[in-house]
Amino acid sequence: GITNNSNSFLRFELKVENDKIICHSVNSKIKNKTDIQESYGIGIESLRKRLDLLYANNYTYDIEDTEDTYTVNLTIPII
């Protein structure tokens with residue numbers, strides 16, 4: 001989501017609350033997709049599988065994909 005050809009941003013927050021680690025990130029999306037080479041990997045699927053192995057159903061991982069931004073919220077227990 002970061003490019004030299006347009007305004008872009010990345011906001012990242014990591015905090016500990018009670019017995020959980022909370023990660024929140026938001027980044028801009030490139031509006032003119034000709035600026036980037038589109039490629040789709042298996043990163044998100046791989047991350048979900050790893051989270052399932054490590055935390056079973058004891059985590060949250062939410063993605064919000066809008067026209068302008070990409071937001072990820074991840075909460076995992078402190079083990």
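**Sheet, hairpin and salt bridges**

In the hairpin formed by β1 and β2, 2 residues stand between the strands, and Asn18 adopts a positive phi near 55 degrees. The model described here is predicted. Strand β1 covers residues 10-17, and strand β2 covers residues 20-28. The two pair in the antiparallel sense over 8 bridges. Within this pairing, Phe12 is placed opposite Ser25 in β2. Leu10, which belongs to β1, has its C-alpha atom 4.3 Å from that of Asn27, although 17 residues separate the two along the chain.

The hairpin is part of an open sheet of 4 strands, arranged in the order β1-β2-β4-β3 with antiparallel pairing. The edge positions are taken by β1 and by β3 (60-65), each of which pairs on one side only. From one strand to the next, the twist averages 5 degrees. In general, the strands of a sheet pair through backbone hydrogen bonds, in either a parallel or an antiparallel arrangement.

At the β3 edge, β3 pairs with strand β4 (residues 69-77) in the antiparallel sense over 6 bridges. Here Tyr61 is found opposite Leu74 of β4. Helix α1 (residues 43-55) lies across β3 and β4, and its direction makes an angle of about 160 degrees with β3.

The β1 edge is described by its accessibility. Strand β1 is hardly covered, with a count of 0 buried residues among its 8 residues. Leu10 counts as exposed because its relative accessibility is 58%, where exposed means over 50%. Glu13 has a relative accessibility of 39% and therefore counts as partly exposed. Lys15, at 32% relative accessibility, is likewise assigned to the partly exposed class. For Glu17, the relative accessible area of 37% gives a partly exposed residue.

Charged side chains were examined next. Side chains of opposite charge can pair when their charged atoms come close. The count of salt bridges comes to 4. One of them joins the side chains of Glu13 and Lys15, with an N to O distance of 3.9 Å; this pair is accepted because the distance is within 4 Å. Lys15 also forms a salt bridge with Glu17, and the closest N and O atoms of that pair are 3.2 Å apart. Glu13, Lys15 and Glu17 are thus linked in a network of salt bridges, with Lys15 bonded to Glu13 and to Glu17. In a regular strand, side chains alternate between the two faces of the sheet.

A further salt bridge is found in the helix. Glu45 is joined to Lys49, the closest N and O atoms being 3.2 Å apart. Both residues lie in α1 and are 4 residues apart, about one turn of the helix. Glu45 is classed as partly exposed because its relative accessibility is 46%.

In summary, the predicted model contains an open, antiparallel sheet of 4 strands, with α1 lying across β3 and β4 and with β1 hardly covered.

Key. Residues are numbered from 1 along each chain as its sequence is written. This is a predicted model: local features need pLDDT of at least 70, side-chain atom pairs count only at pLDDT 80 or more; totals for chains, interfaces and linings use all residues. Side-chain values use heavy atoms; hydrogens and water are left out. Buried means under 20% relative accessible area, exposed over 50%, partly exposed in between (1.4 Å probe, protein chains only). Two strands pair if DSSP finds at least two bridges between them. Axes are lines fitted to C-alpha atoms, for helices over the stretch in contact, and angles run from 0 to 180 degrees between N-to-C directions. Contact means heavy atoms within 4.5 Å.
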